[in-house]
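This briefing is for a reader who is meeting the structure for the first time. Please look over the sequence and the model before reading the notes below.

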Amino acid sequence: MSPSTRREFLQTSAAVGASAWALASQARALRGGRKQPNVVLLMLDALRPDYTQAYGEARPTSPWMRSFADQAAVFDRCWSSSTWTAPACASLFSGLYPPEHGIVEGFMANSRRKERQEDKGVADRAPTGQKINTFAPDMVLLPQYLREFGYRCFGIATNPNIGPQIGFDRGFEEFQVRPEGTANEVTEWIESWREPLTQGDQPYFLYLHYMDVHKPYNQRAPWYQPSSGGESDPGETRSEAEEAAEAYRSELRFMDEHLAALEKSWGWDKDTLVIVVSDHGEEFGEHGGIGHSFQMHAELNRILLMARGPGVQAGRIATPVGIHDLLPTLLDHLQLAPPVETSGKSLAPLLTGVASEGLEERLLYAHRRKSKFRPLDIWGVNHKRWRMILNEEGQLSMFDIEADPLEQSPVAVQDQPEIHEKLGVALRRFAEAGISDRAVLREVEQSEAERAMLERLGYADGEEEGGE
Ligand SMILES: [Zn+2]
């Protein structure tokens, strides 16, 4: 399926072509010297919404998020476009689904393929170096738009996938990749940006990507509570998943404390547009794993999304939305020109408390690839209370997330034949359209130290990026 047919299929309202850039310049001229609000985007990698107090957690995991939610538009049903970092963040930056932007494999995919070819004695056919898929040159990313409209764009990522290799630094005036950095370190590192960002007349866009709740989970004092179990009290012994969840909660509280301090230190008040979002969730044994391995269930696909700032009405929003909606939403809410292309929709009417036609009826898609000799793909679609997954073996399963939020029992076809038919047909069509070859495969350098770091984060065995 060609990109244009795919867009038609997705029924987007994208304004494609150079005319959008002309529109953008016009809009900028019309706005004259009026200062736009500063925009801060906090990307909390692997944060599962239901572990936060903003989304109903009763334990004190995230007091700052709870108070932030009271002043914010909170999307109760936001879906990622994938279940791991690079494709999901690429959707945020581009406004496109993973099969459209083509960023579907990570650093380790090619080296895993190479190793397997060597194992099988076919090393001569193996790639000679490390390759990674990179944003197509003609794809316009969020910071590029904002820069075009006069924003100074600075960003920092503590996940090595979110860096120049894939092209995530595009449009930023300054972008740092600091693998494995913690929330307190991010605060320290961006201090040198305070002066350039806060002096002068230009508004700023700040992208801060946190990895604190990503594996490996540290046991953060004083919040981590050791199990009281043991020989004397075996009833209290935690399972491996419960132990991981306890450490995860302590990491969340640690990050939450530092976000609160950061907000205060930088003075982000009602005049700053602050977006809090995650790229995917995390599993603690719901479907047999810990982390975010190769699957598409709700605990991985569902994400957190909250926005607070000028023009945003506080409240809970039940309308299902997607991570790829953020680009058109931001441009619309800031009254800038629409994006050159997107499969997302502007949620600006929802942010301002106005009901928006058509958003309720949408089908929101997701994809994840497993990099083996040949690629294996899992597909997902979200529609109202229904979710459907098409697994790598071509089997469909449907879930009702209101009745069964942890997706323990698929809905039988005979119980919901119409919705099953509708989602099944749509999902198979989406899958059959395949992956765009628009992303450019590019050779990258990788040192032994970098490879060791990727192994620590769970990439080498493909846990995070969809390998074996
Ligand atoms: Zn991630």
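**Overview**

Of the contacts in the protein chain that link residues at least 6 apart in sequence, 70% are between residues at least 24 apart. The model is a predicted one. Its protein chain holds 15 helices and 19 strands, and 49% of the 468 residues are buried.

**The eight-stranded sheet**

- An open sheet is built from eight strands, ordered β6-β5-β7-β1-β8-β12-β2-β13, with mixed pairing.
- Its edge strands, each pairing on one side only, are β6 (174-177) and β13 (315-317).
- On average, and with direction ignored, neighbouring strands in this sheet are turned by 10 degrees against each other.
- Within the sheet order, β5 sits between β6 and β7; strand β5 (residues 152-157) pairs with strand β7 (residues 204-210) in the parallel sense, over six bridges.
- Opposite alanine 157 stands histidine 209 in β7.

**The four-stranded sheet**

- A second open sheet has four strands in the order β15-β16-β17-β18, and here the pairing is antiparallel.
- β15 (364-370) and β18 (396-400) are the edge strands, and each of them pairs on one side only.
- Neighbouring strands are turned against each other by 15 degrees on average, direction ignored.
- Strand β17 (residues 386-390) is joined to β18 in the antiparallel sense by five bridges.
- Methionine 388 has methionine 398 of β18 opposite it.
- Tryptophan 386 has aspartate 400, in β18, as its bridge partner.
- The hairpin of β17 and β18 has five residues between the strands, and glycine 394 there takes a positive phi near 85 degrees.
- Helix α14 (residues 417-432) packs on this sheet and touches β15, β16 (376-383), β17 and β18.
- The direction of α14 makes about 135 degrees with that of β16.

**The enclosed helix α4**

- Helix α4 (residues 85-94) is largely enclosed by the rest of the structure, because ten of its ten residues are buried.
- The buried residues run from Thr85 to Ser94 and include Pro87, Cys89, Leu92 and Phe93.
- Around α4, the elements that its buried residues pack against are β1 (39-44), α5 (98-101), α7 (142-148), α12 (326-333) and β15.
- Two of these partners also belong to the sheets described above: β1 is a strand of the eight-stranded sheet, and β15 is an edge strand of the four-stranded one.
- Glycine 95, just after α4, takes a positive phi of about 75 degrees.

**The nonpolar core**

- In soluble globular proteins, nonpolar side chains tend to be buried together.
- The largest nonpolar core here has 121 residues, and the members that touch the most others are Leu42, Leu304 and Met306.
- Helix α10 (residues 240-266) gives the most to this core, with eight residues.
- Leaving aside residues up to four places away in sequence, methionine 306 touches Ala54, Phe68, Ala69, Ala72, Ala73, Val74 and Val276.

**Helices α3 and α10**

- Helix α3 (residues 63-70) and α10 have axes that come within 7 Å and cross at roughly 55 degrees.
- At that crossing, α3 is oblique to α10.
- On the α3 side, Pro63, Trp64 and Met65 take part in the contact, meeting Asp256, Leu259 and Ala260 in α10.
- Sorted by class, the residues of this contact are five nonpolar, no polar and one charged.

**Serine 356**

- Where does serine 356 lie? It is found in the loop between α13 (348-351) and β15.
- Is serine 356 buried or partly exposed? Serine 356 has 15 C-beta neighbours inside 10 Å, so it counts as partly exposed.
- Serine 356 touches Pro349 and Leu350, when residues up to four places away in sequence are not counted.
- From C-alpha to C-alpha, serine 356 and serine 346 are 9.5 Å apart in space, and they are ten residues apart in sequence.

How values were computed:
Residues are numbered from 1 along each chain as its sequence is written. This is a predicted model: local features need pLDDT of at least 70, side-chain atom pairs count only at pLDDT 80 or more; totals for chains, interfaces and linings use all residues. Two strands pair if DSSP finds at least two bridges between them. Helices (H or I, at least four residues) and strands (E, at least two) are DSSP runs, numbered from the N terminus. Axes are lines fitted to C-alpha atoms, for helices over the stretch in contact, and angles run from 0 to 180 degrees between N-to-C directions. A residue is buried if 20 or more other C-beta atoms lie within 10 Å of its own, exposed if 12 or fewer, and partly exposed in between; C-beta atoms are placed from the backbone. Two residues are in contact if their C-beta atoms, placed from the backbone, lie within 7 Å. A nonpolar core is a set of buried Ala, Val, Leu, Ile, Met, Phe, Trp, Tyr and Cys residues joined through C-beta atoms within 7 Å. Angles under 35 degrees count as roughly parallel, over 145 as roughly antiparallel, 65 to 115 as roughly perpendicular and the rest as oblique. Ala, Val, Leu, Ile, Met, Phe, Trp, Tyr, Cys and Pro count as nonpolar, Asp, Glu, Lys and Arg as charged, and the others, Gly among them, as polar.
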